[in-house]
Amino acid sequence: MRQQVGILGATGMVGQRFIQLLEHHPWFEVAWLAASDRSSGKKYGDAVKWKLDTALPERIARMPISPAAPENAPKVIFAALDADIARELEPAFAAAGCAVISNSSAFRMHEDVPLVIPEVNADHLPILENQIWRKKSGGYIVTNPNCSAIGLVLALKPLVERFGVESIFVSTMQAISGAGHPGVASMDILGNVVPYIKNEEEKMEAETLRLLGARDGKIVRPLAAKMTAHCNRVAVEDGHTESVSVKLTRPAAHEAILKAWREFTPLAGRDLPTAPAQPVEFTAVEDRPQPRLDKWRGSGMTVTVGRLRPCGLLDWKFTLLSHNTIRGAAGAALLNSELLVSLGKLEARKFDPVAASA
Ligand SMILES: NC(=O)c1ccc[n+]([C@@H]2O[C@H](COP(=O)([O-])OP(=O)(O)OC[C@H]3O[C@@H](n4cnc5c(N)ncnc54)[C@H](OP(=O)(O)O)[C@@H]3O)[C@@H](O)[C@H]2O)c1
């Protein structure tokens with residue numbers, strides 16, 4: 001029997017991706033959906049503006065949307081809420097004993113809350129044992145990073161491990177789906193580039209260094225590197241592209257960097273259903289990666305890197321691409337939950353669907 005899970009913020013862009021990715025998941029089954037008061041009480045199919053290119057599953061379309069409260073919710077909650085709402089609701093679910101697998105930025109930098117990419121820093125997970133909710137009810141919050149930090153960190157991790165990284169310069173070209181729906185007005189983005197995404201540069205800088213940092217007992221010490229990020233919104237539907245320059249601690253040849261990316265398979269043999277065989281894949285084609293052509297590598301979970309060449313300012317520069325609502329959001333959370341199951345930190349609980357829909 002598959003473990004029953006709930007989705008908080010089920011009608012949004014990331015919530016829809018959760019439904020799509022969970023539809024055929026071997027371990028989990030969607031048993032509970034919640035969104036705002038605007039949607040609560042409606043059938044999911046009537047409340048959602050379904051924006052994905054696969055059909056809305058009929059079983060899900062018929063499901064009722066519950067109030068966003070932990071009573072009658074399953075023990076495992078995938079949360080896709082705006083940060084302000086998450087700040088209020090996620091602790092309520094954790095206090096009620098739920099494992100909250102969160103996409104929002106609300107608790108990512110909280111000292112006791114793991115910010116995790118399974119291939120990068122699974123060893124940060126034990127800090128969740130310090131959470132007050134964990135101690136009182138068994139519940140907790142685990143987060144995945146900002147959608148632009150995740151691609152960058154996956155590409156940097158093998159370089160940090162083999163050569164050390166001292167300075168990071170990144171400039172992003174971020175898809176409009178990253179702003180949710182309806183997101184940026186078409187009049188603002190068509191034929192245009194918007195060189196500002198509120199709080200994005202700060203999040204990207206802080207999260208990147210925390211993810212690449214080391215756990216020291218109960219806390220995480222960020223990587224001691226210099227970093228600057230420029231974040232831009234561009235008229236692309238899905239897929240964040242990033243131009244990156246890095247200064248390494250120890251010299252590295254072109255082939256050694258390609259080898260580091262090629263051999264970066266830290267989850268090999270763990271049998272996590274959402275883990276891609278190759279988390280970072282290099283393309284030698286001179287004008288790739290491109291969002292339209294490369295975002296679906298590894299079913300949207302692989303980061304594509306290309307154009308590795310010497311940098312006149314730092315040591316090396318390259319381009320990367322990752323799917324922002326898969327690897328950057330719902331797929332990232334799902335992989336976190338699979339890691340938690342494999343570590344024995346997600347327990348199944350009997351769920352009563354009659355009580356939930358009453
Ligand atoms: N889009 C991305 O690429 C991406 C990537 C990484 C992380 N994230 C993060 O993931 C979160 C969700 O993003 P999104 O793009 O899916 O946003 P979105 O499309 O705006 O969806 C927001 C969801 O939250 C629900 N909601 C709003 N107010 C609520 C309330 N008071 N109580 C309960 N539910 C409420 C909405 O329900 P209604 O439909 O009823 O209003 C909807 O289901 C954000 O924190 C975002 O920063 C997004």
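I started with the ligand and found 28 residues around it, each with a heavy atom within 4 Å. The closest are Thr11, Ser36, Arg38, Ser39 and Leu81.

A note on the source: this is a predicted model, where local features need pLDDT of at least 70, side-chain atom pairs count only at pLDDT 80 or more, and totals for chains, interfaces and linings use all residues. Residues are numbered from 1 along each chain as its sequence is written, and side-chain values use heavy atoms, with hydrogens and water left out.

Next I sorted the shell around the ligand: 12 residues are nonpolar, 14 polar and two charged. Here Ala, Val, Leu, Ile, Met, Phe, Trp, Tyr, Cys and Pro count as nonpolar, Asp, Glu, Lys and Arg as charged, and the others, Gly among them, as polar.

Then I looked up polar contacts (pairs of N or O atoms within 3.5 Å). Arg38 places a polar side-chain atom 2.7 Å from a ligand oxygen. For Val14, a polar backbone atom is 2.8 Å from an oxygen of the ligand. Asn324 has a polar side-chain atom 3.1 Å from a ligand oxygen.

How much of the ligand does the protein bury? The ligand alone exposes 910 Å², and the protein buries 82% of that (Shrake-Rupley areas, 1.4 Å probe).

I also checked which elements give two or more residues to this shell: helix 1 (13-22), helix 4 (83-95) and helix 12 (326-342). Helix 4 gives the largest share, three residues. Helices are DSSP runs (H or I, at least four residues), numbered from the N terminus.

Conventions
A polar contact is a pair of N or O atoms within 3.5 Å; within protein, one must be able to donate a hydrogen and the other to accept it, and residues adjacent in sequence count only if both atoms are side-chain atoms.
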